[in-house]
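Reader: I am new to this structure and would be grateful for a close look at a single part of it, namely the aromatic rings and how they are arranged. Please add whatever other side-chain details help to complete the picture.

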Amino acid sequence: MKFELTAPPHIRVPDSNGTIMRDTIIALIPLYCLACFFYGTRVLVLAMISVLVSTVCDITGVLISGKKISLSDFSPVITGLIIPLLMPASVSYGIVVAADIFAILVAKQPFGGLGQNIFNPAAAGVAFATICWWKEIFSYPAPGIKLAIDSVITPELMTSPTFVMKLNGTPQNDYMDMLLGNFAGPMGATGTLVLISCFIYLVVRKIASLKISGAYFVVTILMAFLFPRADMTSLQSVCYEFMSGSLLFGAIFLLNDPVTSPQRDLSRIIYGAFTGLVVMLFRRFGKFEDGVVFAILFSNSFVWTVDMACEKVQRKLRLNANENK
């Protein structure tokens, strides 16, 4: 019998990697539509530049490694689409380009390219940009201001609810506005209702894992409820933590990356819960107001260890079960 070694993700259903990527792209489109509604066509220019740079970098890395270019590989397109969505609509093109280059040529290709990377490339690119240009990353234009396409952006910038909570204050945003995305924040991470719809679509398509995201949501919601910040009630804490920043976006599009997430059921639950815990700790005690991308990268580094530990436990349980028969 001949076995063929292939890169993950190893799909056990009829879907191909190409199908998974196309479904993810489809789920990202409504977020760009919402961002266009609030900020204008500059959002689309950011997306096009980001996708172009990511694709060129990916092709360059593939050629340098001596591999074949796959026309069905849309992974750099997904990376290019995700990165701007985690930034303000007013972000400069140069910052987006730098994040794309880091994501592909540092976080992805040096590890072997598609299916081999340890860290989520989009999360790595945004984390790099956040460290280098944190003031620009956490300064947002008010929704409804149509931004000019040119790179010189001078609108009045605002802080987000996560910044207010970081200062131990209570955000004054209306809950309905937060559900609809009508508040300052990353241009693709504020529309809670749209994000939930995208999540449902990905779950139905079996792209997103309920085990990973469910464990993540349980831990983040419990921590927000049990340990509210400042003078907020437990209910206020849950609502503002859940709907602000990139907490929800990260759970849907970054945490469920099939390459950097665990493959076993038990390890998926542990991974999701652990990431939720780290996210809330980063938000509460980290330097930046929102540390979702850093928490996901931190959790990525333990995926293999958790997977192997869970396999050993399950193997022992199977052996004990067989001995008792």
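Author: What follows begins with the aromatic rings and then turns to other side chains. The model is a predicted one, and the account below should be read accordingly.

The count of aromatic pairs comes to 16. One of them joins phenylalanine 102 and phenylalanine 128, whose rings are stacked, with 4.4 Å from centre to centre and 5° between the planes. This pair links distant parts of the chain: phenylalanine 102 belongs to helix 4 (residues 93–105), phenylalanine 128 belongs to helix 5 (residues 121–132), and the two are 26 residues apart. Phenylalanine 102 has a relative accessible area of 23% and is therefore partly exposed, since that class covers the range between under 20% for buried and over 50% for exposed. Phenylalanine 128, at 26% relative accessibility, likewise counts as partly exposed.

Phenylalanine 128 also pairs with tryptophan 133. Here the ring centres are 6.1 Å apart and the planes stand at 85°, so this pair is edge-to-face, because planes over 60 degrees apart are placed in that class. Tryptophan 133 is partly exposed, with 28% relative accessibility.

Elsewhere, ring pairs join Phe138, Phe282, Phe288 and Phe294 into a cluster.

Aromatic rings also meet charged side chains in this model. Arginine 42 is placed over the face of tyrosine 93, at 4.5 Å from the ring centre. Lysine 146 is placed over the face of phenylalanine 37, at 5.6 Å from the ring centre.

Phenylalanine appears at the surface as well. Phe225 and Phe227 join Val218, Leu222 and Leu226 in making a nonpolar surface patch of about 500 Å². Within this patch, valine 218 is located in helix 10 (residues 210–226). Valine 218 has a relative accessible area of 48% and is partly exposed. That value allows valine 218 to belong to a patch, because patch residues need over 30% relative accessible area.

A polar residue completes the account. Threonine 162 is found in helix 7 (residues 161–166). With a relative accessible area of 2%, threonine 162 is buried, because the limit for that class is under 20%. The side chain of threonine 162 makes a polar contact of 2.7 Å with the side chain of glutamate 289.

Key:
Residues are numbered from 1 along each chain as its sequence is written. This is a predicted model: local features need pLDDT of at least 70, side-chain atom pairs count only at pLDDT 80 or more; totals for chains, interfaces and linings use all residues. Side-chain values use heavy atoms; hydrogens and water are left out. Patches are made of residues with over 30% relative accessible area and no salt bridge: like charges are joined within 9 Å, nonpolar side chains (Val, Leu, Ile, Met, Phe, Trp, Tyr) within 5 Å. Accessible areas come from the Shrake-Rupley method with a 1.4 Å probe; for residues, only the protein chains shown count as cover. A salt bridge is a side-chain nitrogen of Lys or Arg within 4 Å of a carboxyl oxygen of Asp or Glu. Helices (H or I, at least four residues) and strands (E, at least two) are DSSP runs, numbered from the N terminus. Buried means under 20% relative accessible area, exposed over 50%, partly exposed in between (1.4 Å probe, protein chains only). Rings of Phe, Tyr and Trp (its six-membered ring) pair if their centres lie within 6.5 Å; planes under 30 degrees apart count as stacked, over 60 as edge-to-face and the rest as tilted. A charge sits over a ring if NZ of Lys or CZ of Arg is within 6 Å of the ring centre and within 35 degrees of the ring normal. A polar contact is a pair of N or O atoms within 3.5 Å; within protein, one must be able to donate a hydrogen and the other to accept it, and residues adjacent in sequence count only if both atoms are side-chain atoms.
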